[in-house]
Amino acid sequence: MIVLGIETSCDETAAAVVTDARVIRASLVLSQLEQHRPFGGVVPEIAARAHLDHLDRLVREALDQAGVGLAELDGIAATGGPGLIGGVIVGVTMGKALALAHDRPFVAVNHLEGHALTCRLTDDVGFPYLLLLVSGGHSQLLAVEGVGRYVRLGTTIDDAVGEAFDKVAKMLGLGFPGGPAVEAAARDGDPARFDLPRPLRGRPGADFSFSGLKTAVRLAAEGLPPGDFAPRDLADLAASFQAAVGDVLADRTAHAIAQFRSIHPAARSLVVAGGVAANAALRARLNEVAASHDMRLIAPPPRLCTDNAAMIAWAGIERLRLGLIDRLDFAPRPRWPLDPRAEAA
Ligand code: KG4
Ligand code: ZN
């Protein structure tokens, strides 16, 4: 099976070609960073227009690189949500049009399912597994029991982890996007210098909260000498923040492991996915958690943690294998929870 994937739900325009032998034949990601940078965040209207400007060229390039024609594809998968609706409409419309013109099956992929199943593309992980999904818009712990089968064990009650990184970066003047900038600033910092809170640590359940931590970083920054931050202060504050996030993720994941084990006693895989999973310090922290609970941590390579279309093509393959094809009247979905039974936090 060979499938084209299209991703347009946020600020990356991406196209990829992947086979069911778990080979990525092409994976192109065009970042719109420069267009959004002056605004300090993603502007939905700019994003939608940029997807429109570049998607057809990117799809053509991905197909050329993969050496495959549209008629040879076994399916066309596009992110159907959740995300910024203008961008999702661009990708879904392109996917449907190609599917219709070449009489190929169309699959609408949940972006979060793309992140959730990436570890089966990179590491052939079997179901069930425990997933820590940490991105710009989502922070969740889920039992992944199969394609389309998710049980949410915990979620954030306020900010997503990536959002906290982005906001802290803004406060510290590190620019946008924040995650990689905070990680770089933290590298030589002292994580013990600032005494920051670990929200919800030790509490029952596996929910997260990050807004109090974010406020504590702001107060710590305001307590520093006025003017530009001294490099040492910046490094120490970034490192202290990152360490607090690591402790929270470790504690909440440990709680989720206990819940997961009670449902699936024999399962041993802990998977981390989403943009924040690209963070090396957090990966190391989660490795310790996994090891101390007799679990194995699986973390896709960083370029497959942040948004890409290979994960969408792969999720398309997983769905096509099960005969899950979407109709051409599929309506793009701004919201699309993985576990629809879970209550809103
Ligand atoms: O999954 P993703 O690429 O897009 C969404 O679906 O949201 O995640 C983007 C988020 C951003 O908040 C970004 O700051 C964060 O992932 N991120 C990181 C790192 N790289 C990206 N956070 C911490 N450390 C990183 N190295
Ligand atoms: Zn994402």
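Here a biologist and a modeller talk through the ligand sites of a predicted model.

Modeller: Local features here need pLDDT of at least 70, and side-chain atom pairs count only at pLDDT 80 or more. Residues are numbered from 1 along each chain, and ligands are numbered from 1 in the order in which they are written.

Biologist: What makes His 111, His 115 and Asp 307 donors to the zinc ion (ligand 2)?

Modeller: Donors are N, O and S atoms within 2.8 Å of the metal (3.2 Å for Na, K and Ca). NE2 of His 111, NE2 of His 115 and OD of Asp 307 coordinate the zinc ion at 2.0 to 2.1 Å, so they fit that definition. Water is not among the atoms, so the site may look incomplete.

Biologist: Where do His 111 and His 115 lie?

Modeller: Both are in helix H4 (residues 111-122), four residues apart, about one turn of the helix. A helix is a DSSP run of H or I with at least four residues, numbered from the N terminus. Both histidines are also buried, meaning under 20% relative accessible area (1.4 Å probe, protein chains only).

Biologist: Why is the pair formed by ligand 1 and His 111 called a polar contact?

Modeller: The term means a pair of N or O atoms within 3.5 Å. An oxygen atom of ligand 1 is 3.2 Å from an N or O atom in the side chain of His 111, so the pair qualifies. With Asn 279, a nitrogen atom of ligand 1 is 3.0 Å from a side-chain N or O atom, so that pair counts too.

Note on methods: Heavy atoms only, no water. Helix = DSSP H or I, 4+ residues; strand = E, 2+ residues; numbered from the N terminus. Buried < 20%, exposed > 50% of the residue type's maximum accessible area, 1.4 Å probe, protein only. Polar contact = N/O pair within 3.5 Å; in protein donor to acceptor, adjacent residues only side chain to side chain.
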